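Me: Please take a close look at the nonpolar core of this predicted model. Which residues form it, and how do the surrounding elements relate to it?

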Amino acid sequence: MEDNHPKIKPSHRSELVQEYYFSRKLKEVDSLRKAGADIINLGIGSPDMPPSDDVLTVLREAATAPENHGYQSYNGIPELRHAFADWYIRYYGVKLDYLTEILPLIGSKEGVMHITMAFVNPGESVLVPDPGYPTYSSVSKLVGANVRSYSLSEERQWLPDFEKLENEGLEGVKLMWVNYPHMPTGASATKE
């Protein structure tokens, strides 16, 4: 007890959570800047300039419209989902049903968490790219999965070696994370 108030203990799973990679990296950058280093931020997508005046005007107008107040729908407006479907067909030749196969999210972490929670049970394995998005490992550990890293290399253009993975055995693997353009290298995958 501290100050006559019982301390609420966090769950055991929270012991698996580490400080987010980008949080640590931003502290390191801040420290270097304070020491006088001139750092160019090529970080996690934060804009370095404000939106144009035209954009700000439209945002102000939209903020005053009564129909724009309240909670959003849980699956996004149909026009947005339809635009996503059009984008996928145009750039990837992939046809998606905007009514049933597209779900806008507030960010990738939300999607990674929900997909992992929906499909992976404790003790099952998740294949995670190395290098790769740190959230894949963090969420997998949080749900009690076994994290199996698979190596990506510049020699292979940052693409998985599927034959090697099959030879190592895929028993117990429930999910494999693959993302392109690849994070953090920016490499693109071929259709093959």
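**The nonpolar core and its surroundings**

Reply: In this predicted model, the largest nonpolar core comprises 12 residues: Phe22, Val112, Val120, Val126, Val128, Tyr133, Tyr136, Val139, Val143, Ala145, Leu175 and Trp177. At least two residues of this core come from strand 1 (125-130), and at least two from helix 5 (134-142). In soluble globular proteins, nonpolar side chains tend to be buried together.

Strand 1 belongs to an open sheet of three strands, arranged in the order 2-1-3 with parallel pairing. Strand 2 (146-151) and strand 3 (173-176) are the edge strands, each pairing on one side only. On average, neighbouring strands of the sheet are turned by 35 degrees against each other, direction ignored. Strand 1 and strand 3 run parallel and are joined by three bridges. Two members of the core meet in this pairing: valine 126 has leucine 175 of strand 3 as its bridge partner.

Helix 5 lies across strand 1 and strand 2, and runs at about 160 degrees to strand 1. Valine 128, another core residue, is in contact with Tyr136, Ser137, Ser140, Val147, Arg148, Ser149, Tyr150 and Trp177, its neighbours within four places in sequence being left aside. Of these contacts, Tyr136 and Trp177 are themselves listed in the core.

Val112 is a core residue as well, and is among the residues closest to the centre of the largest pocket, together with Tyr88, Leu105, Ser108 and Ile115. That pocket has a volume of about 570 Å³ and is lined by 16 residues. Helix 4 (residues 108-119) gives the most to this lining, with five residues.

Note on methods. Residues numbered from 1 in each chain as written. Predicted model: local features only at pLDDT ≥ 70, side-chain atom pairs only at ≥ 80, totals over all residues. Heavy atoms only, no water. Core = buried A, V, L, I, M, F, W, Y, C linked by side-chain atoms within 4.5 Å. Buried < 20%, exposed > 50% of the residue type's maximum accessible area, 1.4 Å probe, protein only. Helix = DSSP H or I, 4+ residues; strand = E, 2+ residues; numbered from the N terminus. Contact = heavy atoms within 4.5 Å. Pairing = 2+ DSSP bridges. Axes fitted to C-alpha atoms, helices over the stretch in contact; angles between N-to-C directions. 1 Å grid on protein atoms, 1.4 Å probe; cavity = no way out; pocket = protein on both sides within 12 Å on 5 of 7 lines; lining within 4 Å. Points joined across faces, edges and corners; volume = space filled by probe spheres on them.
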